[in-house]
Structure formats: C-alpha cells, structure tokens
Amino acid sequence: MKPEARSMQKIQGLAGAELSLKARLGYVGLLLVSAALTTVVVALWLTELSLPVRAQLAFGAMSVIGTCWMALAVWALGARRPLFARDRVVAGRMAVTFSAVFAAGCVAATIVSGGAASYGALATSVAMLTTAIATLASARRRFAELVARRQELEAQLRA
Amino acid sequence: MSTQKLNDPRADELLAIRCQLGERAAFAELIGRWHEPLWRYLRRLANSDQAADDLVQDTWVRVLRGIAGLRDAARIRPWLFGIARRIAMDRLRMHYARPAADEGALEELASPEIDAELEADLAVLESRLATLPVRERETLALFYLRELSLEQIATLLDIPAGTVKSRLFRARQLLRHEFETKGAI
C-alpha cells in the first residue's frame, strides 16, 4: 500500500472521532445545564443575605465552578468541537426547549415563594430563552442559505 | 464523478458546503478527494514520508475544526493548501529555529492558491499518466514529477541514457494523444 493511502486510512479514522455528534451536543448540554444551575446558585447567593458565612462561601465556590464549566463548554464549542449548520439547528432547539422549561420553573418558583432570588432567576431565564430563540433563528437562516447554495450548485453540475 | 467534474471548482464548493452543513459522508469524500494531493504537497516540502504523515494529520485536524467557519466555500482549495503550508512552515521554523530575517524567504516558498491549482492539475496529470504503459509512465514521472535528470534516471533504472530519451519521446507522444482524445486539463 502506498504511504499516502495508508495515511488516508488513519485520517478517516481520526475524522470519525473528531466529528462525533455526541461530543458536540454533549458540550451544548453541559453549557445549558451549567448556565441554569449557576443562575440559580448566583440568585440565591446574592439575595439570601441572612445565610451564615460558610454557606455564602459555599455558594460563591459553586458559582465559580459553574462558571468554569460554562467557560469550558464555550471554549470547546468554539475551538475543538465547532457546530456545523445542521448541529447548530439541533443545538438551538435544545437551548430553546431547555430555557423554556427553566423559565417555566422560575415562573412557578416566583408564584409560590415570590422571593428576590426567584425574581433574579426569572429575569436570567427570560434572557436565556431570548438568546436561545435568537440563536435558533440565526442557525435556521444559515442552514437555509447553505441548502439553497447546495441546490444551486447541484443543478449547475447536473446541467 | 468524472475527472473533469472533479476538477471543477464548483464540485469542490459543493463538497465544502455539504461539510459545512454537517453531512458526515461529505467529510469522507473531502478526505478522499484531497488527502493525496495534500500528502504529496507536504511530502515535497518535508522530504520524508513520516514527516508528511504527521503534517497531513495536523492539517486535517485543523480543517475538520475550521471548515464550519470557512466564509467562502468556493475558496476551499487555497484554504486547504494554506493550512497545510502554514503547518509545514511552522514545523520548519521550529525545526531549523531560523532567525526572523529568514521568515520572508519561507513565506515565499509557496502560495496556497498556486499550490492548490498545481496539485489539482497534477492530480489530473497523474490520472492520465496512469493510462501509459509502465515503463513510459515511470520514466515520464521520474523526469517531470520527480525532476530527476536523464543520467539519474538511467542510473536508477540501470539502462543507457539513450533508452531513457527514447522512452521519454514515446511517453510524450502517448500522453499528447491521451490529452487530444480526452481533452486538456
């Protein structure tokens, strides 16, 4: 076998791991979960002023950990596992669903408790939902542009 | 797909768009289409099979991670060769640890657009070469693609220089006939 052909087999194997959809959507899931949990923890930390110092420190530490997980997910999606157009649409739908459920939970918590923490979390969840809807709209637009260009090129090449 | 369609820049753009959409099968096609030209290009720069293997692997990792962000899919060829060239230049810089004054010379070694066109043309040329008889094909490839002299080829093949000349003459005639019947690059 020629060396370039042997090398190509290796690359095809490497591509399988690099293009894993599970890994990409896993990072999207990590980003959503860590954002929601961090929001709740930060809201509690900033609004429950009567908590003992140890509890305040614990909330602070949990907020930092949550933020680190979010940063890791953002970095991985930007540099290591970027989303393709179709993946972005799936990720956008995941984000909208997750943010809507989270926002609904925050609405319920606000109605039941009416505390300052629930208002803070509700505001953040609405911001998350708005961002998710905008991201999904942008992903759909980009997907449609690429599909249109693809069809145009296929027609030209068939002619 | 025919060689002419493969060499059509629109076919490359289509493949790039399918990759950007996230079609896994398109990546296998992209690798199948461009791996060998990239490997040969890097082999020429690095002068060793092992180094070419390493460089081409780094190139593909960067391509797979970067193609989603490629703005103009029509520029896939120079983009691919640009990445390969940057990786090879970085490796050469590290290897030789040259002073900054020499960097200009390294930059001038190759231009991605010219390299992409050249590799595409070489791919077509090599496909046409494959139709020639073994002895003529080997002589022509050594003379034009590997740039060996008549004497070097004669030594390598253990034949007189006059035989090398006659094989080259016959190979050129056959290749000309091949291009006349199937069309130029």
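Let's start with A:M128 and the company it keeps. Setting aside residues up to four places away in sequence, A:M128 is in contact with A:L32, A:A35, A:A36, A:T39, A:S99 and A:F102. One of those partners, A:S99, is 29 residues away in sequence, yet the two C-alpha atoms are 6.1 Å apart. A:M128 sits in helix 5 of chain A, which covers residues 116–158. Is A:M128 buried or exposed? Its relative accessibility is 16%, so A:M128 counts as buried. Please keep in mind throughout that this is a predicted model.

Now let me step back to chain A as a whole. Chain A has five helices and zero strands, so to speak an α-α-α-α-α run from the N terminus on. Of the 159 residues in chain A, 35% are buried. If you take the contacts in chain A with a separation of 6 or more, 74% of them are between residues 24 or more positions apart. The exposed area of chain A is about 8900 Å², and carbon and sulfur atoms supply 71% of that.

Chain B is helical too. There we have 10 helices and zero strands. Buried residues account for 44% of its 185 residues. For contacts in chain B between residues at least 6 apart in sequence, 61% join residues at least 24 apart. Chain B exposes about 9500 Å², with 53% of it from carbon and sulfur atoms.

On to the cores. The largest nonpolar core holds 43 residues, and the ones touching the most other members are B:L30, B:W34, B:L38, B:W60, B:I67, B:W79 and B:L80. Which helices supply at least two residues each to this core? From chain A they are helix 1 (3–18) and helix 5, and from chain B they are helix 2 (9–21), helix 3 (24–46), helix 4 (49–66) and helix 5 (76–96). Helix 3 of chain B gives the most, with nine residues. Apart from this core lies another one, of 12 residues, including A:L25, A:V28, A:L77 and A:V89.

Let me pick out two of the tryptophans. B:W79 touches B:V63, B:G66, B:I67 and B:L70, again not counting residues up to four places away in sequence. B:W34 is where helix 3 of chain B has a kink of about 40 degrees, shortly before the proline B:P37. While we are on that helix, have a look at what follows it: B:N47 has a positive phi, near 65 degrees.

Next, the interface. 33 residues of chain B are in contact with 35 residues of chain A. The area buried between the two chains is about 3100 Å², and carbon and sulfur atoms give 62% of it. On the chain B side, B:L21, B:R24 and B:R65 lose the most area to chain A, together 24% of what that side buries. Four salt bridges are found across this interface. B:R24 also pairs with A:D87 through a salt bridge, at 3.6 Å from N to O.

That takes me to salt bridges in general. Side chains of opposite charge can pair when their charged atoms come close. Over all chains, the search finds 16 salt bridges. In one of them, A:E18 pairs with A:R81, with the closest N and O atoms 3.7 Å apart. A:E18 is in helix 1 of chain A and A:R81 is in the loop between helix 3 (53–80) and helix 4 (85–112), so this pair ties together parts that are 63 residues apart in sequence. Both ends are covered: A:E18 is buried at 8% relative accessible area, and A:R81 counts as buried at 17%.

For a contrast in setting, try A:R142 and A:E145, whose side chains meet in a salt bridge at 4.0 Å, N to O. Both lie in helix 5 of chain A, three residues apart, about one turn of the helix. A:R142 is partly exposed at 26% relative accessible area, and A:E145 is partly exposed at 47%.

Last stop, chain B again. B:R18 and B:E23 form a salt bridge with an N to O distance of 2.9 Å, and both of these residues are buried. They also belong to a salt-bridge network that links A:R150, A:E154, B:R18, B:E23 and B:E29. That's my tour, and I'm happy to go back to any of these sites on the screen.

Note on methods: Residues are numbered from 1 along each chain as its sequence is written. Chains are lettered from A and ligands numbered from 1 in the order in which they are written. This is a predicted model: local features need pLDDT of at least 70, side-chain atom pairs count only at pLDDT 80 or more; totals for chains, interfaces and linings use all residues. Side-chain values use heavy atoms; hydrogens and water are left out. Helices (H or I, at least four residues) and strands (E, at least two) are DSSP runs, numbered from the N terminus. Buried means under 20% relative accessible area, exposed over 50%, partly exposed in between (1.4 Å probe, protein chains only). Contact means heavy atoms within 4.5 Å. Accessible areas come from the Shrake-Rupley method with a 1.4 Å probe; for residues, only the protein chains shown count as cover. A nonpolar core is a set of buried Ala, Val, Leu, Ile, Met, Phe, Trp, Tyr and Cys residues joined through side-chain atoms within 4.5 Å. The bend at a residue is the angle between axes fitted to the seven residues ending there and the seven starting there. Buried area is the accessible area (1.4 Å probe) that two parts lose on being put together, summed over both.
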